[in-house]
Amino acid sequence: MSDTTETTPGWLTDDELQMARAQMPILYVEAVPVRVDDTGEVTTIGLLLRIGTDGAISRALVSGRVMHHERIRDALLRHLEKDLGPVALPRIPTSLQPFTVAEYFPTAGVTPFHDPRQHAVSLAYIVPVTGDCRPRQDALDLVWFSPQEALSAAVQGEMPGGHAALLKQALAHVGYTY
């Protein structure tokens, strides 16, 4: 999950966030950016290339916290723009029904999803994008994969913390088996 410092009012300071993480689950949104053909079938999946705090290179989905008094739709748009750039042109679903809810625990093995910093609950969405995607902030690159490539052992092995499992669920949701 992404964890960049924001300067927007209503955002927690680092100390406040650390205290909140120790006492309650934190709400996140995650987005699987996709390109679709004219019939609405997913043709490619965009995965971010990132360098973790430990220096490891990994692939990730768009993700981030929901701010106090922020609508889910606005949080999705904010994180998509932050990670994919201002002209990605995401098409947020009319109905904000997530394809799954992922529950991350600081203890590995409770669920397929692990975040050593916190207990987090994440609403996960598949979001078609039609514009030009240029990664920003802490993302080094955005690479588009076919569904088959995204499900390969090589790509899945580059996705820590449960993002590989989440990507498999997203692709199953749109008709690809793994």
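What radius of gyration does the protein chain have, and what value would a compact globule with 178 residues have? In this predicted model, the chain has a radius of gyration of 15 Å. A compact globule with 178 residues would have a value near 16 Å, so the chain agrees with that expectation. Along the principal axes, the C-alpha atoms fill a box of roughly 45 × 35 × 30 Å.

The secondary structure consists of five helices and seven strands. Read from the N terminus, the order of elements is α-β-β-β-β-α-β-β-β-α-α-α. A helix thus opens the series, and four strands follow it. A second helix then precedes three further strands. Three helices end the series.

Contacts across the sequence were examined next. Among contacts with a separation of 6 or more, 67% link residues 24 or more positions apart. Of the 178 residues, 44% count as buried. The accessible surface comes to about 9200 Å². Carbon and sulfur atoms account for 54% of that surface. The chain carries 14 positive and 21 negative side chains. The centres of these two sets lie 3 Å apart.

Three residues illustrate local settings. Ser122 is part of strand E6, which spans residues 120–128. Its relative accessible area is 0%, so Ser122 counts as buried, the cut-off being under 20%. The side chain of Ser122 is joined to that of Glu30 by a polar contact of 2.8 Å. Beyond its neighbours within four places in sequence, Ser122 touches Tyr28, Val29 and Glu30. Its contacts also include Thr100, Val101, Ala102 and Tyr104.

Glu70 sits in a loop. This loop runs between strand E4 (62–65) and helix H2 (72–84). Glu70 has a relative accessible area of 17% and is therefore buried, again by the cut-off of under 20%. A polar contact of 2.8 Å links the side chains of Glu70 and Arg78. Arg78 is also among the contacts of Glu70 beyond four places in sequence, together with Arg65 and Ala75.

Thr177 offers a contrast in exposure. Is this residue buried or exposed? Its relative accessibility is 70%, so Thr177 counts as exposed, a class that begins over 50%. Thr177 belongs to the segment after helix H5 (163–173). Thr177 and Thr39 are 138 residues apart along the chain. Their C-alpha atoms are separated by 19 Å.

Note on methods:
Residues numbered from 1 in each chain as written. Predicted model: local features only at pLDDT ≥ 70, side-chain atom pairs only at ≥ 80, totals over all residues. Heavy atoms only, no water. Helix = DSSP H or I, 4+ residues; strand = E, 2+ residues; numbered from the N terminus. Rg over C-alpha atoms; globule rule 2.2 N^0.38 Å. Buried < 20%, exposed > 50% of the residue type's maximum accessible area, 1.4 Å probe, protein only. Contact = heavy atoms within 4.5 Å. Areas by Shrake-Rupley, 256 points an atom, 1.4 Å probe, with all protein chains shown as cover. Lys, Arg positive; Asp, Glu negative; His and termini not counted. Charge placed at Lys NZ, Arg CZ, Asp CG, Glu CD. Polar contact = N/O pair within 3.5 Å; in protein donor to acceptor, adjacent residues only side chain to side chain.
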